[in-house]
Structures are given as structure tokens and as C-alpha cells.
Amino acid sequence: MGLNYNIIRLNEVDSTNIYAKNKAKNNAPEGTVIVADHQSGGYGRMGRHFFSPDKTGLYFSIILRPDIPARDALLITTAAAVAVSEAIDSFNVTRSQIKWVNDIYNEDNKKLCGILCEAALVGERLGYAVLGIGINLKMPDSGFDDEIKDIAGAVFSDYKEEYKEMLLSEILKRFDFYYSDLQSRKFYNIYYSKCFIIGKEVDYIHNNKVTPCTVIDLDRDFRLIVQTKNKTILALDSGEVSVKIRS
Ligand code: BTN
């Protein structure tokens, strides 16, 4: 049985993830979706601010109650990355790519979307998860904030308001398909083919320590397999590291 989506729409909220987590704690059912025009306190991985100005982006969170072990939580993020990337591509305005583990970029290496999944554990299994997705639909009239202006991009250069609902419904449909059979990892091959850092020279950063290495593979648990300069092979877990591409 697929997800039964129930969409709640807000004009403004601090963060759709915070709102959704509160609802999840109060037993809101799986499939509850919170969409906001504007977030005053949107955030991403590692507590970073996520720029969410009014009516220029699609900001939403989905409450999930997957019956999976905690160690498989990353499958939610990676399934969502494929769903978002395919949904963006269906508009034929760009060929989007995935930057491991949770970002979607366009072909000009600009970040279009960030994904943040926050999970509550019950023992070693997931109690609930809140999947938050933020997509830059159009360039804000005043441009992107200084801190992100060099890395951020927008999906549409010729944006029309109806695209927002169309994109949301494409994402929800595709995510439902992958989520229905999450542990089969049927989205793995597509993720792999869209993951543009495989084969690249990168720096991985852990506890402020920077290690240069080459990305050689992605395993089926979506760990990045890298080789360091002294030929050590490491499997990087996304919870612990961030990766910067060396140009
Ligand atoms: C990242 O870039 O590290 C992830 C960004 C996730 C942003 C989305 S927008 C909707 C939801 N609400 C939040 O506060 N964050 C997520």
C-alpha cells in the first residue's frame, strides 16, 4: 500500500521540519506533508542555515513511520534524492545530479536542492522520520544571500507559479514508488548514475581534519568508498563527514 498523503499548507513557519517533528510527536499519521511559502529558520545538515525566502522555493517536510532498522535510515534520504532529481529532470530545463549524500545540483554545478531527514529511534528501529526538502525554484529578486551566492542556483530561469505544485506532485509520486519498497534499494542504480562525485578528487572533512582522496565507488549502503594518498581504502558514512570537490 502506498503513502496516503495529507498536505497541510502554511504561509510562513520557522521550519517545516520543526513543525512536522512536533506533529509526529503528537501522533500525526505517516504521509502528513507540511508545505510552507517561507521559512524564517530553515536549516540543513550540521545545523547550517537554509535560505528560504518567500515564494521563490518549494519547502516541505513529510512525516514517515518506516518499519526499518535505524542503520537503514539513510535510504530515506537517498530515495528522496533520486525522486527529486528525476522530478526536476521531468521539466526538461536541466539535467540534475546528486552530490553525495543529500544535495541536488544542476549541470553548471549550482546547488538546487538540499534534503534533511531527521529520525527518532525506538531502540534500534526508526520510530518516525521527518524528511525535509528545500528546492530553489527561481532566483530571488534580490539574489541569493552573500554566503551562498556562489554555490546556489535555481531550477527555473523562466518560472511560473504553477510549476511549484507540479513539481511537488511529481516528487511525492516518485518518492512513494521508492519508499514502498525501500530496503530493496531499487533506486540505487539511478542514484549511482547521478552521483557526480564518483571518480573525483575530493577532500573529506571529519572533526576539522581534511583528508585528500579519490572517490572510487559507492556501496549499497550509500557509503562513499575512497582511496587516500597512501592507498588506504575507507568507507565514509555521511553522518560523520562532509566532502568538498577539489577543482
Ligand atoms: C541541506 O542543504 O543540508 C539540507 C537542507 C534542507 C532544507 C529543507 S527546507 C524544508 C525543511 N525544513 C527545514 O528547516 N529544512 C528542510
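In this predicted model, the protein carries 31 positive and 33 negative charges. The mean position of the positive charges lies 4 Å from that of the negative charges. The exposed surface of the protein comes to about 12100 Å². Carbon and sulfur atoms supply 46% of that area.

The overall fold was examined next. The protein contains four helices and twelve strands. Its radius of gyration is 17 Å, and the globule rule gives 18 Å for 247 residues. The two values are close, so the protein is as compact as a globular protein of that length. The C-alpha trace spans about 50 × 45 × 30 Å along the principal axes of the protein. Of the 247 residues, 53% are buried. Contacts were also sorted by separation in sequence. Among those between residues at least 6 apart, 64% join residues at least 24 apart.

Two helices were then considered in turn. Helix α3 covers residues 162-179 and has 18 residues. At 1.5 Å a residue, a span of 26 Å is expected for α3. The C-alpha atoms at the ends of α3 are 26 Å apart, which agrees. Several residues of α3 are buried, among them Y163, K164, L167, L168 and E170. Further along α3, the buried residues include I171, L172, F175, D176, Y178 and Y179. The cover over the buried residues of α3 includes the strands β1 (6-13), β2 (32-39), β3 (57-64) and β7 (125-136). The helices α2 (74-89) and α4 (188-194) are also part of that cover.

Helix α2 has 16 residues. From its first C-alpha to its last, α2 reaches 23 Å. This is close to the 22 Å expected at 1.5 Å a residue. Helix α2 is mostly covered, with 16 of its 16 residues buried.

One residue outside these helices, L3, was examined individually. L3 is found in the segment before β1. Its relative accessible area is 12%, under the 20% cut-off, so L3 is buried. Beyond its neighbours within four places in sequence, L3 is in contact with E30, G31 and L64. L3 is also in contact with F175, D176 and Y179. Those last three residues are among the buried residues of α3. S180 gives a further link across the sequence. L3 and S180 are 177 residues apart in sequence, yet their C-alpha atoms are 7.8 Å apart in space.

Definitions and conventions: Residues are numbered from 1 along each chain as its sequence is written. This is a predicted model: local features need pLDDT of at least 70, side-chain atom pairs count only at pLDDT 80 or more; totals for chains, interfaces and linings use all residues. Side-chain values use heavy atoms; hydrogens and water are left out. Helices (H or I, at least four residues) and strands (E, at least two) are DSSP runs, numbered from the N terminus. The radius of gyration is taken over C-alpha atoms; the globule rule is 2.2 Å times the number of residues to the power 0.38. Buried means under 20% relative accessible area, exposed over 50%, partly exposed in between (1.4 Å probe, protein chains only). Contact means heavy atoms within 4.5 Å. Accessible areas come from the Shrake-Rupley method with a 1.4 Å probe; for residues, only the protein chains shown count as cover. Lys and Arg count as positive and Asp and Glu as negative; His and the chain ends are not counted. The place of a charge is taken as NZ of Lys, CZ of Arg, CG of Asp or CD of Glu. The expected span of a helix is 1.5 Å times one less than its number of residues.
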